[in-house]
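Work through the following exercises with the sequence and the structure open. Each task is followed by a solution in steps.

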Amino acid sequence: MPDLLEQGETMFALGNGYLGMRGCFEEGGPIGQNGTFINGFYESWPIVYPEGAYGLATVGQTIVNATDTKVIKLYVDDEPFWLSHANVRSFNRRLNMQSGTLDRDILWETPAGKRVSITSRRLVSFEHRHLAAIFYQVTMLDATAPVVLSSEMIANEPPLKRDNHDPRQSKVFVGKVLHHRISYAKDRRIVLCHATKKSGMILSCAIDHVLDTSCQATWTTHYTEDAGHVVATIDAKPGRPITLVKYMAYHTSHTALPDEMCARAERTLDRAVAEGFPALLAGQERYMGDFWQRSDVTVTTNPARANASTSAVQQAIRFNLFHILQAAGRAGNMGVPAKGLTGAAYEGHYFWDSEIYVLPFLIYTAPRIAKNLLRFRHGMLGKARERARQLNQRGAMYPWRTINGEEASAYYAAGTAQYHINADIMYALKKYVQATGDEEFLFDEGVEMLVETARLWLSLGFYSLRQEGKFCIHCVTGPDEYSTMVNNNVYTNLMARENLRYAAETVEQVRERRPDLFTVLEHKTRLEASEVEDWKRAADLMYVPYDERLKITPQDDKFLEEEPWDFKHVPPEKYPLLLYYHPLTIYRYQIIKQADLVLAMLLLGHEFSPELKRRNFEFYDPITTGDSSLSPCIQSIMAAEVGDMAKALAYAKAATLMDLGDVAGNVKDGCHIAAMGGVWMVFVYGFAGLRGYSGRLSFRPALPDTLDCLRFRLAFQEQSLEVDISQGATRYTLKNGSGLTIRHEEEEIRLSADTSSVVRPNRKHSERPEANQGTGG
């Protein structure tokens, strides 16, 4: 359907974390938003302010639409196959999440009445991160005909128009972005090499082809600076397949010369052609098999209570998990863009979303990838130090949005002011180390980040006489971007406290256990002995506001004083508010874009009593809009914890269908990768009740009555735990490992080689001792 074209291009996108291709049709159209993206391949541009100020971000970064190689145009009797005009007798396209491919079968009847079978299979390789391939097969079913296959590549495609009123969309460059360096052809191979002007990045892209048919065929090859096509002309006979395999290689670099980049692309193609498409597909299927074994979340719905079948719910869950893999699987030394590699929205930038919403899934299912993402943050520590100095602070300040490590947010109130990103990254570091026991990474690289982020908090906050000497942090923005530049945002203060304490604890561990590394740390950071005590004091005296009248935690010092938003008289079409109201108007009201205080109750649940959690949730939930894709998952988890299963289920549905159901109305611009990570959290943190505040796995299952069964696996300290939850009981099975201690409700359970599986009854929420509720083990 034409009105769903762009949505389909997002949903059918393929990627491996390095290379991504939107799900556009091979024949070159119809197209809504075409796109081929390489993680971290960007062009920079000057941020122009009508009125400047010291310390504002000055250089923007935008992911570049790379050379498009997906096109294979088909002509039969010189008539082009163009989907929107063709007489298509049958059409089936599938995102094959088992094989990691995009599969399609078409039956086309030409204007002359000839029937043509078209089968295609596209993959972006996980095994070979620089490689993609298309299997394209054409069979004349009942007549002879001349068939032409034109395999094409094009750089600098004309940009599509964007909605200038939507700040979430990407910048559109005027003029060429990719500047020619080298182009050449060898037989059925074409190589193009381009460079960006301002960021100075090099892109080499190459295509090669293998044709398999018993029909007579001839070839021609042509190329220019920005394009190329390899054309096969075939005298097609009925029932005799024509199979074209197209291999596509992409390489990028900041430092390598064009000749070297072209050689890299050619080596990738040499290997692919030698091994063949079946071997490439087999490698893809092995990778996917391993992924699903480690990462799958399986459910069985209750047919009497659920509105959706088991297969429908299962497919929706897997769709989300599959796209997380496509965004992060082979990201290597890069981050995870907000849209993955399914679209250019948010400029291809990395945000805090990765650490808080995506890393939990990766930490417990693919810890190696989680470590890579944390190492990527360590790699930008130098620029974070520079940014802190620009902000007149000590330590390091991580950018709110970035590709190359430099701050790219031009709107500091809802960007740079979100200092909590420092604590978010350190929170993820702590969770990773607790789950893996990887002290080597913590002591080698993590501790350096901890020192510099702790320094930032100490220089940012102050001891307030008006708050009885408590440590206060002013003029910051929490996760809720509808309340900016506030004092004592509770999420920020609590996360900063966690950051300070973990920094102090880790530095002391390094000093005691690894004096050699402590000497290195002192040299790198010029750490002084008094700093650790300063961090402890600030953490111990951190100010956390509390409202005695309402018996709730204020989101910040002034939030409860604002005028309530008039939800009753604002029509649904006026949401999201950021597209229809000036920021100053929004900032004056008691309204929330996304979970803020409620998110703090999930991440640091041990800081809140069960009754306080319930009161906070009941106050903040009704004033939280659906303007952020990051809210429903958190609201679902906390609703389950406080016992409101109706809300937990409703929010779980919204989260799970965020992209499949286009809940936010902008899936055309790309998948919401962080929200997809939130789907895993809904089932594992929400319905299974996983917490780990003390570094030990703890479960409080709260299965809604629409589900009969929930099953998943967790990687924890180099062991594998399977959790199988039914309505009445939960089975814990140690699938791999020598021994693991976990907690079910209030009971501590020891799993070992001798006792690898235990079953425990689930308590209903009303039966749980309130004093222990939500402690997390």
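**Exercise 1.** Find the loop that holds Pro-30, and state which residue is joined to Pro-30 by a cis peptide bond.

Solution. Step one: Pro-30 sits in the loop that runs between β2 (19–21) and β3 (36–38). Step two: the cis bond joins Gly-29 and Pro-30, with omega at about 0°. The model is a predicted one.

**Exercise 2.** Locate Pro-576 and state which residue shares a cis peptide bond with Pro-576.

Solution. Step one: the loop between β22 (563–564) and α13 (583–587) contains Pro-576. Step two: a cis peptide bond links Tyr-575 to Pro-576, and omega is about 0°.

**Exercise 3.** For Tyr-346, give the loop and the sign of phi, then decide whether the residue is buried, partly exposed or exposed.

Solution. Step one: Tyr-346 belongs to the loop between α4 (310–328) and α5 (353–365). Step two: phi of Tyr-346 is positive, near 60°, in a residue other than glycine. Step three: buried means under 20% relative accessible area and exposed means over 50%. Tyr-346 has 23% relative accessibility, so it counts as partly exposed.

**Exercise 4.** Do the same for Gln-717.

Solution. Step one: Gln-717 lies in the loop between β25 (707–716) and β26 (719–726). Step two: its phi is near 50°, a positive value in a residue other than glycine. Step three: with 37% relative accessibility, Gln-717 counts as partly exposed.

**Exercise 5.** Describe how helix α17 packs against helix α18, and classify the residues of the contact.

Solution. Step one: α17 (residues 645–656) and α18 (residues 673–687) pack at about 160°, and their axes are 9 Å apart. Step two: angles over 145 degrees count as roughly antiparallel, and α17 and α18 are therefore roughly antiparallel to each other. Step three: the crossing of α17 past α18 is left-handed. Step four: α17 contributes Met-645, Ala-648, Leu-649, Ala-652, Ala-655 and Thr-656, while α18 contributes Val-679, Val-682, Phe-683 and Phe-687. Step five: this contact has nine nonpolar residues, one polar and no charged.

**Exercise 6.** Repeat the analysis for helices α15 and α16.

Solution. Step one: the angle between α15 (residues 610–620) and α16 (residues 631–642) is about 135°, with axes 10 Å apart. Step two: α15 and α16 are therefore oblique to each other. Step three: α15 passes α16 in a left-handed crossing. Step four: Lys-613, Arg-614 and Phe-617 of α15 meet Gln-635, Met-638, Ala-639, Glu-641 and Val-642 of α16. Step five: the contact of α15 with α16 comprises four nonpolar, one polar and three charged residues.

Definitions and conventions:
Residues are numbered from 1 along each chain as its sequence is written. This is a predicted model: local features need pLDDT of at least 70, side-chain atom pairs count only at pLDDT 80 or more; totals for chains, interfaces and linings use all residues. Side-chain values use heavy atoms; hydrogens and water are left out. Axes are lines fitted to C-alpha atoms, for helices over the stretch in contact, and angles run from 0 to 180 degrees between N-to-C directions. Helices (H or I, at least four residues) and strands (E, at least two) are DSSP runs, numbered from the N terminus. Angles under 35 degrees count as roughly parallel, over 145 as roughly antiparallel, 65 to 115 as roughly perpendicular and the rest as oblique. A crossing is left-handed if the near helix is turned anticlockwise from the far one by less than a right angle, and right-handed if clockwise. Contact means heavy atoms within 4.5 Å. Ala, Val, Leu, Ile, Met, Phe, Trp, Tyr, Cys and Pro count as nonpolar, Asp, Glu, Lys and Arg as charged, and the others, Gly among them, as polar. Buried means under 20% relative accessible area, exposed over 50%, partly exposed in between (1.4 Å probe, protein chains only).
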